[in-house]
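Dear colleague,

I am handing over the structure below, and my notes on what was found in it follow. Please read them with the structure open beside you.

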6 protein chains.
Amino acid sequence: MNNENRYFIKELASTLATHEVLSSLYHQDVHSTPMPSVEKLKLIVSKLRAVLFPGYFGLASMRSGSVEFYIGSLVDELYELLSIQIQRGFCFICNERNEQCRVCDDKSADICREFLQKLPAIRHLLATDAMAGYEGDPASFSVGEIIFSYPSIKALTNYRIAHELIKLDVPLIPRIISELAHSETGIDIHPGAVIGESCFIDHGTGVVIGETCRIGKNVRIYQGVTLGAKSFPLDENGNPIKGIDRHPKVGNDVIIYAGATILGTVMIGDAAEIGGNVWITRDVPAGSKVRAQSFEK
Amino acid sequence: MNNENRYFIKELASTLATHEVLSSLYHQDVHSTPMPSVEKLKLIVSKLRAVLFPGYFGLASMRSGSVEFYIGSLVDELYELLSIQIQRGFCFICNERNEQCRVCDDKSADICREFLQKLPAIRHLLATDAMAGYEGDPASFSVGEIIFSYPSIKALTNYRIAHELIKLDVPLIPRIISELAHSETGIDIHPGAVIGESCFIDHGTGVVIGETCRIGKNVRIYQGVTLGAKSFPLDENGNPIKGIDRHPKVGNDVIIYAGATILGTVMIGDAAEIGGNVWITRDVPAGSKVRAQSFEK
Amino acid sequence: MNNENRYFIKELASTLATHEVLSSLYHQDVHSTPMPSVEKLKLIVSKLRAVLFPGYFGLASMRSGSVEFYIGSLVDELYELLSIQIQRGFCFICNERNEQCRVCDDKSADICREFLQKLPAIRHLLATDAMAGYEGDPASFSVGEIIFSYPSIKALTNYRIAHELIKLDVPLIPRIISELAHSETGIDIHPGAVIGESCFIDHGTGVVIGETCRIGKNVRIYQGVTLGAKSFPLDENGNPIKGIDRHPKVGNDVIIYAGATILGTVMIGDAAEIGGNVWITRDVPAGSKVRAQSFEK
Amino acid sequence: MNNENRYFIKELASTLATHEVLSSLYHQDVHSTPMPSVEKLKLIVSKLRAVLFPGYFGLASMRSGSVEFYIGSLVDELYELLSIQIQRGFCFICNERNEQCRVCDDKSADICREFLQKLPAIRHLLATDAMAGYEGDPASFSVGEIIFSYPSIKALTNYRIAHELIKLDVPLIPRIISELAHSETGIDIHPGAVIGESCFIDHGTGVVIGETCRIGKNVRIYQGVTLGAKSFPLDENGNPIKGIDRHPKVGNDVIIYAGATILGTVMIGDAAEIGGNVWITRDVPAGSKVRAQSFEK
Amino acid sequence: MNNENRYFIKELASTLATHEVLSSLYHQDVHSTPMPSVEKLKLIVSKLRAVLFPGYFGLASMRSGSVEFYIGSLVDELYELLSIQIQRGFCFICNERNEQCRVCDDKSADICREFLQKLPAIRHLLATDAMAGYEGDPASFSVGEIIFSYPSIKALTNYRIAHELIKLDVPLIPRIISELAHSETGIDIHPGAVIGESCFIDHGTGVVIGETCRIGKNVRIYQGVTLGAKSFPLDENGNPIKGIDRHPKVGNDVIIYAGATILGTVMIGDAAEIGGNVWITRDVPAGSKVRAQSFEK
Amino acid sequence: MNNENRYFIKELASTLATHEVLSSLYHQDVHSTPMPSVEKLKLIVSKLRAVLFPGYFGLASMRSGSVEFYIGSLVDELYELLSIQIQRGFCFICNERNEQCRVCDDKSADICREFLQKLPAIRHLLATDAMAGYEGDPASFSVGEIIFSYPSIKALTNYRIAHELIKLDVPLIPRIISELAHSETGIDIHPGAVIGESCFIDHGTGVVIGETCRIGKNVRIYQGVTLGAKSFPLDENGNPIKGIDRHPKVGNDVIIYAGATILGTVMIGDAAEIGGNVWITRDVPAGSKVRAQSFEK
């Protein structure tokens, strides 16, 4: 390449680095803390999976009589790795320019410890999810196959982790963890949603479950299902008001078939069955079956 | 971080490693064989792609006069790598605690050899799929572009590999291979489905093709199409009966537009055209066009 | 494994390397140039993201007072890395067997330089997209969160890069860059489409935006929306004619809800609102709201 | 590159693969076991270092209250990793074409277990070596500095590991482990040598300690020292007879300065001091000082 | 492997983790700071080489007109990376249990900045060393070859870096940097030594240059040369006293041939020539030639 | 870290990038060709080892009946990889600013092909070296052990490769290849030296064999041996004249023990035996034994 040609680079770099051009998209953080690391969060999720499903993920040796050593060292590593990411999450949203960062250090470690103590409960919930997958898919041949290879478990694992973190008021990190699953599986569950035990999301691509959804036990959801907002109130500036309840509540034992769209704060009663591609913006009584009319000409 | 705080880890690890908590989610395999390796299966698929599409994938040198050396060494490596994964698949489902594992060794190598001998036929099919993509997408400018960058070919390559493996009764491995493509492309084809030559799946995100589907030659499918089960019979315990025929049969020269849902063991006749977003649960005659009614208010 | 068994490999490799079997799927390029590298293009996109959003991506130090050094060296590296990939794109489609490859060298460097000079404009557009995400999603809490973790920005960043490259007539490379985003986010935007400022694509899985779409400013699109072709005219051989206008034109301030399908060269007027799951093949007047009828039985 | 030119490769490959050319340098192993892995042995040594010197090597967390989890999981991993390498060592020298390989499996695991039970004793010896380094080098400022950065400890760690393995009759593996240290430090200690506690080898480059050396406690050795064979008896074919005692015996509290050469089965008495560059082929009495004459002109 | 066999691991891990066994070799640091990272220090040295010898090491683009961008971003990265390692060096030797670690933060950054400001001077010295290599080795054909491939420059680069750091009282880090070169080249230069400009160390394996050496300008040294201590005074406990002057002073324009050993605080006068393998423990006048007598029988 | 502190970096980078400071150490190449890649040359050497010693290095599968595929593909890759490095070597020393680089392309490929055709002869020589190691070291138990783990074979493999390249007038690359072995083994053989078959260099650290040495068949050399120049004539400017014969000639069946130094263009007659640590600057008759006098006081 002609080196003469390269001298345009100086001018371009100078343009790209001027304050005016930078201002809107330049992250200048307050405490010189690095951004949360997406790679580290991937690693954290993979270590959590090794703790939650011993023998399936992580080292082959974990199947041996020394499983407690592996779990112990994984939990200890997680305590260190995740505390750091939690702290970076707090720094990302922090505006207190005069505050000493050390305040966040202890808070992050405390929150991380609280989170880790939820692992037995998370494992219990995921066990019910795995069983629900086996019972819900005639093509599966064992619970182990569900755990090892179904997108439903991947998405729910990340969701259940992210949900516990959001309950502990950790910023940004839960969102990144659920986006990791969204990217890998096409299933987009907001960490703020509440999902009961024995959930199964078959195939899953295109599923969206919004921030203020509440879903009961033993619910089965197929690909392309949206549990979304119908509309959202605007504030005096015409912007959506943040954090308002705007998503469906789904009872126990409900099945929602592929492509169904359920919008707004509607109630889907226990054991209801929502047909594929239907569009629902009102309450559905318990036990009822909503089917799309045959709309072919 | 305060080391004092760490002592909670001992208690937590102990809780997480107790038999009761472990029992449901702990994979204790019988023959101390490691789990199948998803990373190795990714590697195997990438080497298979280099064999199937020489010059497109793998080493640059493969475009030279020495292509047979590369193919020979790749096939030999694949024989070794894939045999091991097949054996791990068998071990994963094995319950014969007294049997010597060596039985599976020979069986896995034999099956792998049978699979490899299908490669010329798989390549022939994929050549027709690539041509179908070129002919089916006005935005494409060459067959080479389809092979090198379209998700349709990625998904069908994994499917055609996985389908041959499932025909040889290999457990778990075909499922993982098709999930790899599902995660990468959003196209979820069960390895048990039967798909004829010259298939093209445009855009593809959200497509689901179920286990007992049969699809003819020269079929074009768009994003968000489901070929699924309408319902599945339950056994005396209320669980779905495994392995029953429950998916559509699609004839030759059929086009299925975006978002269409076809459920149950229905027949879609040759050269039928299924409109976008339609919902079909009954047979469609050959040559007919099914369009959604205009349902805007 | 029994070495005797391996001798079948010789025969198989020989079969797989014969000219007849190879012919359809063997890429024999003219100038011995390697294929474009998908891995290098991933790297290029990640370096472009570091230039476009300083402080969010790339090195932690970039938040410091020395941001111009980083931008300068990144731009210089990009000039080298991207020029090579552009040249490989030209070689991929080249048929001039007698031409000296050096012609492409200079052309590729020139094009790359022109592209790099678009970076300030691309950054300006992405700033409006990020703001649109913040204003359009009640669940988001800051513009920074949108930039760092929302699939909308990932998809639009790749699109806006690829779009500038396709305007410079670079072959294949723009397509690969948009496929990278499609695989990661489920959002499939053809690099030829024209999209105005302040675009937001929420959740996004399954969104398809076709080659000849034109989309105005301040448009919001939800998951599963298709802006596609209704049909495409065939040439005398029955193949689709390439490059014809066949996709929707969308005005400013339009909202398109989840699962809507808009096909053909229709006009969606300014400030129109298209309801979820609707199917549109005709013009929609400005300011109107198109909702699906309630089609539950 | 001109593809025409490539056709010489076929002929060359054919020449290089013919049996006659291959015969002398082709490793055709009996049981299709792979060669020992030098990379895995590097990993094994680094994990052993983490067990032997907790807090210095391996994970940062190992400094915490959960050190027993880390040591437990490292030992368990080492049991698996090292057993495999030991088995490959046995296969490398095995000629029993009819034997079932499984015999080696159990034997290798048993030997590995015996080796691991030597780790507390190895750690005790290395603690004395580290202290000897601190006391022997005026330039060092702490025992920790010796452990973390001195070549003496690296070489002695590998030696003490390899020595325990050779006592268990493991073939090849001890040799590779000592060559790893030789390459890294320039210190070449045969794993068969016997070296007492509190050994320190300062600088170390060029030190050679032969197979049948015996070295007492508290010995200090400088760079370029050879403890070698003077000559070795030949068998009837004129080849050296393997395994005969042919190296020096060094007492306790001996110092050997840089470049000294001591050859044959001589005895260096307790507390002797051997000057730099001297050449010794006879016994040296306890407590004596052997200095080179001043041989400058 | 038999899982039953694994239960010995529990007992072994417990033994290896008991306080008594751990005590001597367990690094329990005071401020929970990780150990210095040898891998990061390798990276730091390679980035320093790219700054010191632009165009030889680091990115190919650095040969272009944008060299100041690369140097600027490298220096900025080095400021961050090296400050952290310096701080870890201070923590490694710190015993102040009550002190806040933040004290070290600022101090480390200050020292790092002082060090970086020495880079122009270090580059000047290395330029003279490279020229000395070209003039001193009849087998070399250009200065560039010396810079790119001679161990002399590698060893002197690490030494000159480490020497500036030790002058700034940085603990441990200089030692690790010189050990990196020792391992790679076999040349062991203590960072405390003082070496003038235009130094050339040919071949170099086995060279040792002690802590309190002072070497003039334009000195050439061959492999196996030791500039060491003759003896070191003991304190009342019989341990060597740390930090006392005990190594040779070498004048300008001196040549020291292979294998020579010079011990103690002797003076080697300007332009002296020390023959191979000689042993020197007294002053050598300027301009004299010291040769070994012919000592062959 | 305080961002304020970072502003010194701008000034420092500016100083380090000024022309005057750069001039002596800045590699500004003529044809914008990158420097030779040390990493690629490592890879090339490892692939050459896999071709030269099939079954010992490279893929496990190479032990199978398909060895010709592996050798064929390795040779083809080597043709590509090594041609590029050879060309970069030519560019490194090129001063013809007006010449088209394409001249070097063809020349480099031609030279690479000539080199590859020497591989059978190189393999033959290395087979004799391996046998010499087995016969020369009583501690070795098989030829395979020598090939797989002795530094002698590593150093001689790199030397025999580099020697063929230097005979083809390839600049710089042979030097780098021999430095790789020097760094790994401590054995420094100049690629210009001529070494006959059946060579064995035991332990090897510190061995130096100069550019114009000629060594016969069946020679055994121990650690620390120097075959060097006694002095070199200066030109009118006082610089050493390049390329003059200045090193020893060693006959067949010679043994040279540890630490011996042989300088100048002396002749060591066939079957001579040179004792450890001796210093030789005159001819040694065939069959004689040169021993150091006992020089202890």
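Chain A holds nine helices and 14 strands, where helices (H or I, at least four residues) and strands (E, at least two) are DSSP runs numbered from the N terminus. The model is predicted, so local features need pLDDT of at least 70 and side-chain atom pairs count only at pLDDT 80 or more, while totals for chains, interfaces and linings use all residues. Residues are numbered from 1 along each chain as its sequence is written, and chains are lettered from A and ligands numbered from 1 in the order in which they are written.

Of the 297 residues in chain A, 57% are buried, that is, with 20 or more other C-beta atoms, placed from the backbone, within 10 Å of their own.

Turning to the copies, chain F is superposed on chain D by a rotation of 120° with 0.0 Å of shift along its axis, at an RMSD of 0.0 Å, the fit being by least squares on the C-alpha atoms of residues with pLDDT of at least 70 in both. The two copies are thus related as by a three-fold rotation axis. Gly206(F) is the residue of chain F that comes closest to the rotation axis, its C-alpha lying at 3.6 Å.

The contact between these chains takes 53 residues from chain F and 59 residues from chain D, two residues being in contact if their C-beta atoms, placed from the backbone, lie within 7 Å. On the side of chain F that touches chain D, H4(F) gives the most, with nine residues.

With regards

How values were computed:
A residue is buried if 20 or more other C-beta atoms lie within 10 Å of its own, exposed if 12 or fewer, and partly exposed in between; C-beta atoms are placed from the backbone.
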